[in-house]
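Welcome! Have the sequence and the 3D view ready, try each task on your own, and then read the solution beneath it.

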Amino acid sequence: MTTQKLDRAAWFKGTSAECSSDLELPERPYRLVLLGAPGVGKGTQAELISLRLKPCHLSTGDVFRAAKALPASERTPAITQALEFMQRGDLVPDDTVINIVRERRQCITCPAGFLLDGFPRTVRQAEALADMLTQLKVKLDAVLSYDMPLEQVIARLSGRRTCAACKAVFHVTSRPPKVPDVCDNCGGKLILRDDDRPESIRVRMQAYQSSTAPLADYYAKAGLLVSLSAEGSPEDIYQRTAAALSALRR
Ligand code: AMP
């Protein structure tokens, strides 16, 4: 099984950029959307799926983080607007996110397929995506929803400890540092981030549930929703995902 990472130049840079064309492409590309609350391990699954099954990993959060590093002159107006919201800790408004994805619509026709991660986040975004897919004559294979009981997500996030110096991430039970509260990598102090405090986590979860529950219904009605338990190791969850995807093609 090859583990070569796909080039995501077009996704990061938008319309003017092209990805290199000498990569090995899958025989039957997957076109997927990933849903999941913060802390369920959705990002790890996105990495594993894109490395092993080859769909190009299209994360809107990654686009914003990459744009943050660019000089202002190289940012499109839509990206500049998005960064203002992101910096305030808010969700970026639907119209802006939709424009950013539209600017990159050639990625929806990527010969490797695609894996949308972090988009759509609302029913309006899902409707805009449906319009783009219709225009581009592309069909989704499935929407993978990673589910975990709320209390367990809170335990995962509240056990997370981040190095104040190098930002490495540990966990009090599942990835403890060798010396309590000290970073294994640089000796920095490990802290509990403000947004990992149980009170903040609850607020983030509530916001997630109010915007994403309707999205799960939306895709269930379209016959695309595949619900997967997000419990167990990343490899267990990946095996569950791969089995569900091959069942879809049987
Ligand atoms: P993520 O990495 O998906 O958690 O995204 C990081 C941040 O980017 C979010 O907290 C939002 O500010 C913004 N963002 C990413 N995707 C979206 C989206 N589809 N809708 C609104 N905001 C988004």
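The exercises below go through helix pairs, the ligand and two backbone features.

This is a predicted model, in which local features need pLDDT of at least 70 and side-chain atom pairs count only at pLDDT 80 or more, while totals for chains, interfaces and linings use all residues. Residues are numbered from 1 along each chain as its sequence is written, and side-chain values use heavy atoms, with hydrogens and water left out.

**Exercise 1. Describe how α7 packs with α8.**

Step 1: Two packed helices are described by the angle between their axes and the distance between the axes. Helices (H or I, at least four residues) and strands (E, at least two) are DSSP runs, numbered from the N terminus. Axes are lines fitted to C-alpha atoms, for helices over the stretch in contact, and angles run from 0 to 180 degrees between N-to-C directions.

Step 2: Find helix α7 at residues 150–158 and helix α8 at residues 198–221; their axes come within 10 Å and cross at roughly 135°. That makes α7 oblique to α8. Angles under 35 degrees count as roughly parallel, over 145 as roughly antiparallel, 65 to 115 as roughly perpendicular and the rest as oblique.

Step 3: The crossing of α7 and α8 is right-handed. A crossing is left-handed if the near helix is turned anticlockwise from the far one by less than a right angle, and right-handed if clockwise.

Step 4: Look for the contacts (heavy atoms within 4.5 Å). On the α7 side are Leu150, Glu151, Val153, Ile154, Leu157 and Ser158, which meet Pro198, Ile201, Arg202, Arg204 and Met205 in α8.

**Exercise 2. Do the same for α4 and α5.**

Step 1: Helix α4 covers residues 77–87 and helix α5 residues 94–103; they pack at an angle of about 140°, with their axes 9 Å apart. α4 and α5 are therefore oblique to each other.

Step 2: Here α4 passes α5 in a left-handed crossing. Ala78, Ile79, Gln81 and Ala82 of α4 make the contact with Thr96, Asn99, Ile100 and Glu103 of α5.

**Exercise 3. Which polar contacts does the ligand make with Arg65, Val92 and Gln125?**

Step 1: Start with the surroundings. There are 13 residues around the ligand, and Thr60, Arg65, Asp90, Gly118 and Arg121 come nearest. A residue is near a molecule or strand if one of its heavy atoms lies within 4 Å of it.

Step 2: Now check the polar contacts (pairs of N or O atoms within 3.5 Å; within protein, one must be able to donate a hydrogen and the other to accept it, and residues adjacent in sequence count only if both atoms are side-chain atoms).

- A ligand oxygen atom is 2.9 Å from an N or O atom in the Arg65 side chain.
- A ligand nitrogen atom is 3.1 Å from a polar backbone atom of Val92.
- A ligand nitrogen atom is 2.9 Å from an N or O atom in the side chain of Gln125.

**Exercise 4. Where are Pro120 and Lys54, and what marks their backbone?**

Step 1: Pro120 is in the loop between β3 (113–117) and α6 (123–136). A cis peptide bond joins Phe119 and Pro120, with omega about -5°.

Step 2: Lys54 is in the loop between α2 (42–53) and β2 (56–59). Although Lys54 is not a glycine, its phi is positive, about 80°.
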